[in-house]
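These are my notebook entries on one structure. I record what I looked up, topic by topic.

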Amino acid sequence: MRKTVEFIEDRIKWRASQHNLPNKNVFLFENLTDEVKMKYLNHFDEKDSGKIILLFTDSKNNWTALGTKRIIGYDGTKLHSVKLDAIEDVDSKNRKEYFEKAEAGETKLKKIKKRNERELLVTEFDGKETIFITKKGSDLFSLWNIMIMITRLNK
């Protein structure tokens, strides 16, 4: 079943509201001024990304935009983008690495400090991995939960 743009937008906004978004670092894109929107839209084409719903900022140089077709990120030097329907898995980059080391017996399992996490690792069906940056802590895990919901919608 193909989901409409409106359905995906509503689901993203609903899940965001469950995580107290927007906040001081996460914005509803539609609420930004045209001048601010253009700063980001100069980096990508909305026809390809779909309607941009949320903008996660870490600094003036690092940001992640979530659209109805793609997740797009800028790490200060390079633009990254992944189609939402190509996503197989999402995780915190450090969390994934930590559990891989624990499985290999290289470290003991301890509780992970979520407040230090800021890199979302998106894995595509073809195995390609892309990192998207947010503010440390709850912003990352809010995006993570939204992305998990999106991957379930696409199955």
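**Entry 1: the sheet**

I began with one cross-strand pair: Ile-52 stands opposite Gly-67 in strand 3. The model is predicted, so I note that local features need pLDDT of at least 70, that side-chain atom pairs count only at pLDDT 80 or more, and that totals for chains, interfaces and linings use all residues. Residues are numbered from 1 along each chain as its sequence is written, and side-chain values use heavy atoms, with hydrogens and water left out.

I then looked up how strand 2 (residues 52-57) and strand 3 (residues 62-67) are joined: they run antiparallel, with five bridges between them. Strands pair if DSSP finds at least two bridges between them; helices (H or I, at least four residues) and strands (E, at least two) are DSSP runs, numbered from the N terminus.

The whole sheet is open, with five strands in the order 1-2-3-4-5 and antiparallel pairing. Strand 1 (26-28) and strand 5 (79-83) are at the edges with a single partner strand each, so one side of each has no neighbour in the sheet. On average, neighbouring strands of this sheet are turned by 15° against each other, direction ignored. Helix 1 (residues 5-18) packs on the sheet and touches strand 1, strand 2 and strand 3; its direction makes about 35° with that of strand 2. Here contact means heavy atoms within 4.5 Å; axes are lines fitted to C-alpha atoms, for helices over the stretch in contact, and angles run from 0 to 180 degrees between N-to-C directions.

**Entry 2: Lys-13**

I looked up Lys-13, which is found in helix 1. Its relative accessible area is 24%, so I list Lys-13 as partly exposed (buried is under 20%, exposed over 50%, partly exposed in between, with a 1.4 Å probe and protein chains only). Leaving aside neighbours within four places in sequence, Lys-13 is in contact with Leu-28, Glu-30 and Ile-53. Lys-13 and Ile-146 are 133 residues apart in sequence, yet 9.1 Å apart in space, C-alpha to C-alpha.

**Entry 3: nonpolar cores**

I use "nonpolar core" for a set of buried Ala, Val, Leu, Ile, Met, Phe, Trp, Tyr and Cys residues joined through side-chain atoms within 4.5 Å. The largest has 27 residues, and those with the most contacts inside it include Ile-12, Leu-54, Ile-71 and Ile-146. Helix 5 (138-153) is among the elements that give two or more residues to this core, as are helix 1 and strand 6 (87-92). Helix 5 gives the most, with nine residues. Apart from this core lies another of eleven residues, among them Leu-32, Leu-41, Ala-65 and Tyr-74.

**Entry 4: aromatic rings**

Rings of Phe, Tyr and Trp (its six-membered ring) pair if their centres lie within 6.5 Å; planes under 30 degrees apart count as stacked, over 60 as edge-to-face and the rest as tilted. I obtained four aromatic pairs by this rule. Tyr-40 and Trp-63 have ring centres 5.1 Å apart and planes at 85°, so I entered the pair as edge-to-face. Tyr-40 is in helix 2 (residues 34-41) and Trp-63 in strand 3, so this pair ties together parts 23 residues apart in sequence. Both Tyr-40 and Trp-63 are buried. For Trp-63 and Tyr-74 the centres are 6.0 Å apart and the planes at 25°, so the pair is stacked. Tyr-74 lies in strand 4 (residues 70-75), eleven residues from Trp-63. I closed with the cluster: Tyr-40, Phe-44, Trp-63 and Tyr-74 form one aromatic group.
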